[in-house]
Amino acid sequence: MATLILVRHGRSTANTAGVLAGWTPGVSLDGRGAAQAAALPGRLAAVPLAAAVTSPLERCLQTLQPLLDARPELQLHTDERIGECHYGDWSGRKLAELADEPLMEVVQQHPSAAAFPGGESMRAMQARAVDAVRDWNERIDAAHGEDATYVMCSHGDIIKSLVADALGMHLDLFQRIHVEPCSVTAIRYTRTRPFLLRLGDTGDFGSLAPRGNGEGGAAVVGGGAGAP
């Protein structure tokens, strides 16, 4: 089956503000995020792409635009199923403030039981994203053959949940996965099992340097802002 290249959107204004954006309108790439998007065509230059699929949110559309400009023949498809998690009443709130919510411990330690007030559960988020990938794999295979590769631009928690599915990991373990803004994750699907080829690859190791910010063992809901 097809090879899927997952791109997390570039760094956004919400990332740098420490805000959980969700589906809040008007969240766009910041200056660094725009530069990350501009570099994407060069990073993928050696990869033939059959199609591009994106979340409908502005930050994902902006991330793929330089790639579409460089490859005008590449057809863009929008799929709401790979849109950001519906965080409901948490949307637009500061992550530092949300850290004190009792639900955050569940999100961190037992995400399969977490449901956001006024939003969706993390199980539902993963299920719709996995369904979307399965559907697109079949469409790409039928139209372009089983050796085809396509790109999909989405969000941190969506990509982490797709990686967990590909690795056969329970959703309760998905917070152990991290993907930087504009990172590339590649999964090759076959008839019997997927293979994880790349995970959160940015080509930049600056984010591995100690930050001394007291984050401890908590995962950043939504994905975080990446290297400073």
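## Close-up views of a predicted model

**Figure 1. Helix α3 bends at L64.** In this predicted model, α3 has a kink of about 35 degrees at L64, and the proline P66 follows shortly after. The helix runs over residues 58–70, and its 13 residues reach 19 Å from the first C-alpha to the last. That span is close to the 18 Å expected at 1.5 Å a residue.

**Figure 2. The buried side of α3 and its neighbours.** Which residues of α3 are buried? They are R59, C60, T63, L64, L67 and L68, so L64 appears here as well as at the kink. Have a look at what surrounds them: the buried residues of α3 pack against the strands β1 (3–8), β2 (52–54), β3 (76–78) and β4 (149–154), and also against helix α2 (31–43).

**Figure 3. The second largest pocket.** About 280 Å³ of space lies in this pocket. Its lining is made by T3, I5, R43, L44, V47, T149, V184, A186, R188, L197, R198 and D201. Which elements give two or more residues to that lining? They are β1, β5 (184–189) and β6 (194–201). If you are thinking about the chemistry of the wall, the lining counts 6 nonpolar, 2 polar and 4 charged residues.

**Figure 4. C182 and its positive phi.** Here is a backbone detail worth a pause: phi of C182 is near 60 degrees, a positive value in a residue other than glycine. Most residues other than glycine have a negative phi. C182 sits in the loop between α7 (156–167) and β5. Is C182 buried or exposed? With a relative accessible area of 1%, C182 is buried.

**Figure 5. E120 in its loop.** E120 belongs to the loop between α5 (102–109) and α6 (122–144). Why does E120 count as buried? Its relative accessibility is 12%, and buried means under 20%. Leaving aside residues up to four places away in sequence, E120 touches E84, C85, H86, A115, M125 and R128. One of these partners, C85, is 35 residues from E120 in sequence, yet their C-alpha atoms are 7.3 Å apart in space.

**Figure 6. The whole chain, for orientation.** To place the close-ups, step back to the chain, which has 7 helices and 6 strands. Along the sequence they follow the pattern β-α-α-β-α-β-α-α-α-β-α-β-β. Of the 228 residues, 49% are buried. Among contacts between residues at least 6 apart in sequence, 72% join residues at least 24 apart.

Technical notes:
Residues numbered from 1 in each chain as written. Predicted model: local features only at pLDDT ≥ 70, side-chain atom pairs only at ≥ 80, totals over all residues. Heavy atoms only, no water. Helix = DSSP H or I, 4+ residues; strand = E, 2+ residues; numbered from the N terminus. Expected span 1.5 Å × (residues − 1). Bend = angle between axes of the 7 residues up to and from the residue. Buried < 20%, exposed > 50% of the residue type's maximum accessible area, 1.4 Å probe, protein only. Contact = heavy atoms within 4.5 Å. 1 Å grid on protein atoms, 1.4 Å probe; cavity = no way out; pocket = protein on both sides within 12 Å on 5 of 7 lines; lining within 4 Å. Points joined across faces, edges and corners; volume = space filled by probe spheres on them. Nonpolar A, V, L, I, M, F, W, Y, C, P; charged D, E, K, R; others polar.
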